[in-house]
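Reader: Hey, got a minute to walk me through this one? I'd like to start with how the chains touch.

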Amino acid sequence: MFRYIMRRILMLIPVLLGVTFIVFSLMYITPSDPAQMMLGANASPAAYKQMRADMGLDQPFIVQYARFLFGYKHPVFGYRGLLFGDLGRSYVSNRNVFELILSSFPNTLILATGALVLALVLAIPIGILSATKPYSAVDMIFTVFALLGASMPVFWIAMVLIYTFANNLRLFPAMANPHDFSSLVLPIITLSMYSMAIIMRMTRSSMLDVMQQDYIRTARVKGMDEKVVIFKHALRNALIPVVTVAGLQFGSLLGGAVLTEKIFSYPGLGSIMVDAIYQKDTPQILGSVCFVAMTFTIINLMVDVLYGFIDPRIKSVFSAKKKRR
Amino acid sequence: MKKFLSIALICIVVGGIAFAQAKKGPALRNRDPDTLVFVLAAAPQPLDPNIYTTLNEAQIMREINETLIGMRSDNTFYPVLAETIPTLQNGLVSKDGSVYTIKLRRGVKFHNGNPFTADDVVFSFNRILHHPKSSSKSMFSAILSVVKVDDYTVKITFGKLKDPEYATIALTSWEDRAKYMTPSPYGPALNILAHYCSGIEDKETVEAAGADYGTKVVVGTGPYKFVSWPNPQEVHVTRNDEWWGGASNVAFKNVVFRAMSEQPQVNNVLITGEVDMAFNLSRLDIANIERAGLTITTKPGVTIWYGIFNMNSDLVGQKKNGKLDLSGQYTESDSTHLRRAIFYSINPVPFIRQVDLFNGYAIPANQMMQPGFLGYVEGAPAGTPFAEFNEKTWYFNREKAKEEFAKISPEFKAKLGPESVTLVVGNITDRVKIANNVKDQVKTTLGVDLIKVVPMVNAQIIQQSKTGEGYDMVVTGWFTPTMDPDYTCIIYNGESIGTGMNGALYNNDVVNKNIQIGRYSLDPAVRKEAYVKVQTQLMTDKPYFPMVYENVLFASHPRVGNLDQAIFKTKLVDIHLLTKLQ
Amino acid sequence: MGNNTLSRFMARQSKNITQFWRQFSRNKLAVASLFLVLIFALIAIFADFLYSYDFVTSNSLENALLKPGQTGTVYYHDKEITHTFILGSDNYGRDILGRLVHGARVSMIIGFATVAMAIAVGGLLGAIAGYKGGLFDTLIMRVTDIVLSIPTILMSIAIVAALGNSFFNLLIAISTSMIPGYIRIVRASIISIKDQEYVEAARCIGASDLRIVLRHILPNITSPVIVQSTLNVGSSILWASSLSFLGLGILPPKPEWGNMLSEAREFIQYAPHLLFAPGLAILLTVLAYNLIGDGLRDALDPKLKR
């Protein structure tokens, strides 16, 4: 088990290198120009050339990429490189990239956790209810309601919520802030809508699947109470795929909070990343995307491990791999 | 039936909530009454005025780092860290107009207790001009030297390059300046000394803090001092109780600056009372904001929205045998006629009325200079190109546009298919809206959908503007923070070709010469005459179409008072002048 | 031989289709959704007969923000015409219903083109990975892992920012986010089937590769791919609207539901009718695709057949 986890963590390294390469390539061809942006209006061509040389932007692609990995020596723009845990400072905010990530990531984490919890709390019971009476009116209504949330653009949900609950009813503020729980209500609802639909759908189909199994039929034949059958026998097995989906959703919530954060002007990592792309703030975007990718992979790993605990059959995977080594 | 009823009930509840009546009046939601919340359009850059220039941090910096002198909306000056305004009359400006002697205010202390002296002034100007990251080098490039006379006196010498050829050399030290520049009077001298980028910083602190200055350590002499920057979108400052100007008059103890880029959302937080002041609101909903009890303050601004015809373009430019043909009298060609046809097809007045664009908070522009500046031509004097202008229809003239369009030769017309003229525009909602309006007006007037709108990031437009490749027209805006015509002239000065600011690649000897006259003279009459000549020449050649002057617009919570005095033409606010109403 | 295999394959499929329809039609929501989608598709196809494209992209600022049902005079092609704005007009005085009709076309194209691109690329890569195995498999799956670990919305933003804002680049940006899904589905299905006894048996008795692919592999891939692609058509339309919100979507004046909704967002208080129509169109379409997808999943899943 431990070796399995270690192996997965080691596999993170090539993935992260790949992520930096893809993101760096995309940023390299983005037409924006940080040197021009830093210089401001009416900079002379001489000053512009000097600035590009100072920032290392006049170098070919491979040199620039290597510098991001192994460091760049310069009194003002220098840094030790990603491999040594330093990407230097953001072009725009002049802050240490990792400090900035560490200060904003917890905010995104709060939002994503809240959204996931809300999604699970609502989606699982609805999914079960739908699955117990498939194709009935109840099923239809719940399905449509759950899917409604996944059928509207996120910004549109957010706007309607703000308009109704902040602007008209004055129940919640329109601007989110990690220190005030009431301000997090609307963004959490907004963010959870999509995940809720996915999880609800997964619960329903997985539940339907389990209900077809022989042992459930046996339990029913034995004359067990339907509630006992559902909650004691079916649910536990039906929840296994739900855990996977929830884990994947959590990963995508962390990265997908971009729009929600932007609308509620929430100080999370997502809005920083979007701004950084527009401004071609390469150090900032590389650092943030690496960080999110790492979190995403670690969450997936945790889900896999959790999986082993829920489903005893899976444990053999870990031991089988151990044997092969 | 039961199910149906319950669905109906849910619908009624949801509908009821959605159409519930808005409560009247903004409340202070969970907020400290001593704290002013001010909305910025984007996350601020570091609070280091000598190095960073965008408007967002300027609003914060002007409360922290004071300049030597200050400027009012009517272009008059008042001393801040200087004791008096240097003028020729009081002898603090040398006879030739190039040397300004500045007596510094005594007894002023930085927020950390360090005394403010001449060393800090020299240090700050050195950073502006010679720090590798400084973004205001070009604005201050006319400064030849800043010399300490004693602890409370500095001499600032202005100058110009000994030879225009030297423009290709990056001046990176005082020695370089002395070598390549010669003393000269400089028209906008006081304007740039009043610009927020020349805010004075504490030498000792900046040197000690290194790269962390501006984000973790910020020190100035101003009425507010830096507290914290908990996340990129939020900056907290608090009142400097030892401020030399008298802290007791500063009404708000704390100020929180909050960045919000979604305009409709700014309106929402104003209405709900979560913030106190904002300028980047959606103009569409102003009536609603006023109905909610907020105060709207508006003033003429210093932003001009205009269009550019690329002189290097084959379609609308001015070329002869493949070369730019602009000096003096140029020959009319097919591209000249097309340029005029497009010019006369446009009418910006409907954009001003368009509720989701300017919604009335702008005035039509008749020239490439903002009203109130030296050399601005008022009205429509007969015998000048301005005579064709009127407030209702701008220069729009359907007959003239068609007439010019008819003059185009058939061979040239064959090139003018739908969307054949490329109009690039920064990908910001308002700009794209203006560009699409221009496209549509040309289509309606000329009957051909000539223009293709291509949104781009601003940096790319600047990059293309350096050489004039890849576009025929641009729609953009210009903001003159110094409030001096010289800064507006950058966009049509032949010198700026290659910097990306002169996107038209316009290079006319009359214009260039008069810009030089205006820049290196201190006499308002001489400067005015020169700038009038510039504008007249511009509107004759029509390489630009000035569209509108945008007004400054602020919405504020009813508890904030004294807005008229505190709000500037340049979208900046003197927060320490605001008052608190009950 | 090949031809024979193909015709038998088709015959089998037609029998399957009747069986499938019986299963699918049990889900009334899915059937209703299918009809809705067909109606929208017809509108999209015949958009030009309902409104001229030129008309719905021309501004007439005098008619800005008319309420539904109001009539205005439009100066169009040097003529003044009287026009009734059934769903009102937008901030440029353009007919909302007309834009909605033409927007249906653009939105549908986005939905189908992105999914088609994703299936083509993802299916091919997934098939190579599953069939060839070995180095190909490792390489393709590693790259998929890398792409999956970059948040999809950021990937799309970065692609549009890097390549520039055009219709085709938007399609690339959206379909990139879907490709890993197809790679995984196709690869997993192929691996699970490739080594089954009956496939090996077929190979032993000398069945051609085409026969193996058509008879054994394709049917097993089609159902998960169909389900996934139906769901993706909806999410692709949503995706385009989100990119519009960030200023990276289809550029106005070209009508597209996403950009109509995104452009109208500041009118929520001022003129709510601007948001109503495109919002409802997106909602219904995406919902319909989701419901059809669910219906298909239930109908195609052999385990659920009762």
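Reader: So how many residues of chain B are in contact with chain A?

Author: This is a predicted model, and in it 48 residues of chain B are in contact with 46 residues of chain A.

Reader: Which helices of chain B are on the side that touches chain A?

Author: Helix 1 (2-18), helix 7 (263-271) and helix 14 (458-467) of chain B each put in at least two residues.

Reader: And what's that side made of, by class?

Author: On the side of chain B that touches chain A there are 21 nonpolar, 19 polar and eight charged residues.

Reader: OK, now chain C. How many of its residues are in contact with chain A?

Author: Chain C has 38 residues in contact with 42 residues of chain A. At least two residues each come from helix 6 (134-149), helix 7 (152-163), helix 11 (209-245) and helix 13 (273-300) of chain C.

Reader: Which helix of chain C gives the most there?

Author: Helix 13 of chain C, with nine residues. By class, the side of chain C that touches chain A has 23 nonpolar, eight polar and seven charged residues.

Reader: Switching to the inside of chain C: how many helices and strands are there?

Author: Chain C has 13 helices and two strands. Its C-alpha trace spans about 75 × 45 × 35 Å along the principal axes, and 48% of its 306 residues count as buried.

Reader: How do helix 9 and helix 11 of chain C cross?

Author: The axes of helix 9 (residues 179-194) and helix 11 of chain C come within 9 Å and cross at roughly 150 degrees. That angle is over 145 degrees, so helix 9 of chain C is roughly antiparallel to helix 11 of chain C. The crossing of these two helices of chain C is right-handed.

Reader: Which residues meet there?

Author: From helix 9 of chain C, they include C:I185, C:V186 and C:I190, and from helix 11 of chain C, they include C:I217, C:I221 and C:V225. The residues of this contact between helix 9 and helix 11 of chain C divide into nine nonpolar, five polar and no charged.

Reader: Last thing, confidence. What's the mean pLDDT of chain A?

Author: Chain A has a mean pLDDT of 83, with 95% of its residues at 70 or more. Among its elements, helix 4 (residues 61-70) of chain A has the highest mean, 91, and helix 14 (residues 312-324) of chain A the lowest, 48.

Reader: And where in chain A is the pLDDT below 50?

Author: Over residues 316-325 of chain A. Beyond near neighbours in sequence, that stretch of chain A has five contacts in the model. Where pLDDT is low, don't read the predicted coordinates in detail.

How values were computed
Residues are numbered from 1 along each chain as its sequence is written. Chains are lettered from A and ligands numbered from 1 in the order in which they are written. This is a predicted model: local features need pLDDT of at least 70, side-chain atom pairs count only at pLDDT 80 or more; totals for chains, interfaces and linings use all residues. pLDDT is the predictor's confidence in each residue, from 0 to 100. Helices (H or I, at least four residues) and strands (E, at least two) are DSSP runs, numbered from the N terminus. Two residues are in contact if their C-beta atoms, placed from the backbone, lie within 7 Å. Ala, Val, Leu, Ile, Met, Phe, Trp, Tyr, Cys and Pro count as nonpolar, Asp, Glu, Lys and Arg as charged, and the others, Gly among them, as polar. Axes are lines fitted to C-alpha atoms, for helices over the stretch in contact, and angles run from 0 to 180 degrees between N-to-C directions. Angles under 35 degrees count as roughly parallel, over 145 as roughly antiparallel, 65 to 115 as roughly perpendicular and the rest as oblique. A crossing is left-handed if the near helix is turned anticlockwise from the far one by less than a right angle, and right-handed if clockwise. A residue is buried if 20 or more other C-beta atoms lie within 10 Å of its own, exposed if 12 or fewer, and partly exposed in between; C-beta atoms are placed from the backbone.
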